Amino acid sequence: MRVQTLGDGTPDLAVVACLHGNERCGKTAIERVLAEKPAFSRPVRFVLANEAAIAEGVRFIDEDLNRAFPGDPEGDTHESRLAAELLPEIRDCGVLDLHSTRSHPEAFALLSRINDRTKRLARATGVARVVDISYVAGGLIDHVDGVAVECGLRGTERAERNAERVLRNFLGETGAVDALSESGDPELYRIFDAVEGADYEFVGENFVRVEEGEVFARKRGTGDTGSPGNELRADRPFYPVLMSTDGYDEMVGFRAERVGTLER
Ligand SMILES: [Zn+2]
């Protein structure tokens, strides 16, 4: 883990990259922004989390770090010990946690704790969509006031550019750095269900409403026979979130409802 604090005083803002070692866009964004040596009018702590996993180009060494919090200094896994080391560094900070995904090319934010502080953090990212992911237990943003951002498709330049834009906007909006930024009123979605199952091809589009009766996933390798047992059909309308063909081993992704905007 690499921890770097810029600006004077005790930081109450933190930026975390690479909780997952194969999601490098946050690392790239931080490197690009800090290479310009911006003046910090508010201190910010930058954390590059799982360096061992980055070095091996893998999501994790022993277990998912983003499911290992609060961790244990004497834990059996690399990630358990790392989680215990990481959390005290950022516990009281408002956290921006940068990720990438297999599901969607545009950046969107995830909130688990919903309060005025986390809503401000989410608006500061400048993204158009925020997802209440509190249905899904675990994750760093269950343990701190923070916003996670899925910056785009893993390994793409677009995800790197999105991460950079989100980071610059966040630093500008929070007053950490003097930069052009904007704060919107993003649309709010709330996850209410996980869609389990292995080897499905997701045939919908994330954040595009699936109507009742519509097929949104098909078992792979079954051709177009349309056998009902090989299709997943919506029993009620929903918005797919984090759904993909190969993002998860045992899950297609999540079903969400659209709540309104973050303000209303
Ligand atoms: Zn991730």
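Which protein donors does the zinc ion have, and how far from the zinc ion do they lie? Select the zinc ion in this predicted model, and bring up the side chains of His-20, Glu-23 and His-99: the donors are ND1 of His-20, two OE atoms of Glu-23 and ND1 of His-99, at 2.0 to 2.6 Å from the zinc ion.

**The zinc site**

With the zinc ion still centred, look at the angles among its 4 donor atoms, which run from 54 to 149°, so that the site is classed as irregular, since a tetrahedral site would need all angles to lie between 85 and 135 degrees. Along the chain, the donors of the zinc ion follow the spacing H-x2-E-x75-H. Now colour the loop between strand S2 (13-17) and helix H1 (25-35), where His-20 lies, and then strand S4 (residues 94-101), which holds His-99; the pair therefore ties together parts that are 79 residues apart in sequence. If you add a surface, bear in mind that both His-20 and His-99 are buried.

**Helix H4**

Next, select helix H4 (residues 116-124), beginning at its start, where a side-chain oxygen of Asn-115 reaches to within 3.0 Å of the backbone nitrogen of Arg-117. Moving along H4, show the side chains of Thr-118, Leu-121, Ala-122, Arg-123 and Ala-124, which are buried. The buried residues of H4 pack against several elements, among them S2 and S4, as well as strand S5 (108-111), strand S6 (129-132) and strand S7 (146-153). After H4 comes Gly-126, which has a positive phi, near 80°.

**Where H4 meets H5**

Keep H4 displayed and add helix H5 (157-173), against which the buried residues of H4 also pack. The axes of H4 and H5 come within 8 Å and cross at roughly 130°, and the two helices are therefore oblique to each other. To see the contact itself, select Leu-121, Arg-123 and Ala-124 on the H4 side, together with Asn-169, Phe-170 and Glu-173 on the H5 side.

**Pro-186**

Finally, go to the loop between H5 and strand S8 (187-196) and select Pro-186. Is Pro-186 buried or exposed? At a relative accessibility of 2%, Pro-186 falls under the 20% cut-off and so counts as buried. Which residues is Pro-186 in contact with, leaving aside its neighbours within four places in sequence? They are Arg-123, Val-127, Ala-128, Arg-129, Val-130, Thr-261 and Leu-262. As a last step, draw a distance from the C-alpha atom of Pro-186 to that of Lys-119, a residue 67 places away along the chain: the separation is 10.0 Å.

Definitions and conventions
Residues are numbered from 1 along each chain as its sequence is written. This is a predicted model: local features need pLDDT of at least 70, side-chain atom pairs count only at pLDDT 80 or more; totals for chains, interfaces and linings use all residues. Side-chain values use heavy atoms; hydrogens and water are left out. Donors are N, O and S atoms within 2.8 Å of the metal (3.2 Å for Na, K and Ca); water is not among the atoms, so sites may look incomplete. Four donors count as tetrahedral if all angles lie between 85 and 135 degrees; four count as square planar and six as octahedral if opposite donors are over 155 degrees apart and all others between 65 and 115; anything else is irregular. Helices (H or I, at least four residues) and strands (E, at least two) are DSSP runs, numbered from the N terminus. Buried means under 20% relative accessible area, exposed over 50%, partly exposed in between (1.4 Å probe, protein chains only). Contact means heavy atoms within 4.5 Å. A polar contact is a pair of N or O atoms within 3.5 Å; within protein, one must be able to donate a hydrogen and the other to accept it, and residues adjacent in sequence count only if both atoms are side-chain atoms. Axes are lines fitted to C-alpha atoms, for helices over the stretch in contact, and angles run from 0 to 180 degrees between N-to-C directions. Angles under 35 degrees count as roughly parallel, over 145 as roughly antiparallel, 65 to 115 as roughly perpendicular and the rest as oblique.
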